[in-house]
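User: Hello! I am new to this structure and would like a close look at one part of it, with the surroundings explained as we go.

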Amino acid sequence: LQQKLAVAGYRSKDATIIFAFAKLVSPLLGLLICFAVAKIDWSQPFASEQITSWLMVLGISVLCTRLPEILVSNAKSKRQHAIRKALPDALDLMMICAEAGLSLAAALDRVSRELSRMSPILAEEFSLTSVELGFLPDRATALKHLAERTEIQEVRGFVNVIAQTEKYGTPIAQALRVLTARIQEKDRAERAARDAAERKGLIGSGDRSDRIRT
């Protein structure tokens, strides 16, 4: 549960307690709302005319029971979308920092400062990874934590690339250049697929905004 909340951005010590409390209270709150809205005739609670009211009670109760999980899942999706959108620019900055001779921790710290306005979420992740690289004995552990905190395939690929450069001594800039090209190729394939779907009328033209990068 802590891992699930952390991926959604809830990393305080009390996040688990608050989530558990919300899971406990939300069904009871849902029942109170249901009985206030449904207006059940308690003189004949199981009459056939009361079926609609009881279905309303059941539906709202189930929704309120699932509400904390829905909110966490929505926060996770938004956070991952923001990271994916900013990752290509972050990798470009990482490549420039690596070519300038900065260490991995220094490069992550510099990129996090540059991204603080455009993508504070990814900047926070890189900054935390930079700090962990400074005090953890194993650099691979800090990179593994980055992948676990985001649960994004592209970030996992970045972590694997950096781990391979550490293992085989290859230049980081060269590995990042290959990874950036791979991500850009994947983005072009996804855009081409969406264009083809739009031409066939499978999705609306309003989805084009998802393809705009900042």
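What relative accessibility does Glu151 have, and does Glu151 count as buried, partly exposed or exposed?

Analyst: Happy to help! Before the answer, a word on the ground rules. This is a predicted model, in which local features need pLDDT of at least 70 and side-chain atom pairs count only at pLDDT 80 or more, while totals for chains, interfaces and linings use all residues. Residues are numbered from 1 along each chain as its sequence is written, and side-chain values use heavy atoms, with hydrogens and water left out.

Glu151 counts as partly exposed, because its relative accessibility is 32%. Here buried means under 20% relative accessible area, exposed means over 50%, and partly exposed lies in between (1.4 Å probe, protein chains only). Glu151 sits in the loop between α6 and α7. Its backbone has a notable angle: phi is positive, at about 55 degrees, although Glu151 is not a glycine.

To place that loop, let us step back to the whole chain. There are 8 helices and 0 strands, where helices (H or I, at least four residues) and strands (E, at least two) are DSSP runs numbered from the N terminus. Read from the N terminus, the order is α-α-α-α-α-α-α-α. Of the 214 residues in the chain, 34% are buried. Contact means heavy atoms within 4.5 Å. Among the contacts with a separation of 6 or more, 55% are between residues 24 or more positions apart.

The helices on both sides of the Glu151 loop, α6 (139-150) and α7 (153-168), each supply at least two residues of the largest nonpolar core, and so do α3 (51-99), α4 (104-114), α5 (120-135) and α8 (172-199). A nonpolar core is a set of buried Ala, Val, Leu, Ile, Met, Phe, Trp, Tyr and Cys residues joined through side-chain atoms within 4.5 Å. This core has 32 residues, and those with the most contacts inside it are Met94, Leu122, Phe126 and Phe158. Helix α3 gives the most, with 8 residues. In soluble globular proteins, nonpolar side chains tend to be buried together. Setting aside residues up to four places away in sequence, Met94 touches Leu104, Ala107, Leu108, Val111, Phe126, Phe158 and Leu176. Apart from this core lies another one, of 6 residues, including Leu5, Ala8, Phe19 and Ala75.

Leu93 is also in α3. Leu93 counts as partly exposed, because its relative accessibility is 27%. Beyond its neighbours within four places in sequence, Leu93 is in contact with Val111, Glu114 and Leu115. What about Leu115 itself? That residue lies in the loop between α4 and α5. Leu115 is buried, because its relative accessible area is 2%. The C-alpha atoms of Leu115 and Leu93 are 9.4 Å apart, while the two residues are 22 apart in sequence. Leaving out neighbours within four places, the contacts of Leu115 are Ala90, Leu93, Pro120, Leu122 and Ala123.

Two cysteines can be looked at in the same way. Cys64 counts as buried because its relative accessibility is 13%, and Cys97 counts as buried because its value is 10%. With a disulfide taken as a pair of cysteine sulfur atoms within 2.5 Å, the count is 0 disulfides.

Finally, there is a pocket to visit. On a 1 Å grid over the protein atoms alone, a pocket is an open set of points with protein on both sides within 12 Å along at least five of seven lines, unlike a cavity, where a 1.4 Å probe fits but cannot get out; lining residues have an atom within 4 Å of a point. The second largest pocket has a volume of about 220 Å³, which is the space filled by probe spheres set on the points, with grid points joined across faces, edges and corners. Its lining includes Leu5, Tyr10, Phe19, Ala22, Pro68 and Leu71. Helix α2 (15-38) and α3 are the elements that give two or more residues to this lining, and α2 gives the most, with 5 residues.

Ala22, in helix α2, counts as partly exposed because its relative accessibility is 27%. Outside its neighbours within four places in sequence, Ala22 is in contact with Pro27 and Pro68. The C-alpha atoms of Ala22 and Glu69 are separated by 9.6 Å, with their positions 47 residues apart along the chain.
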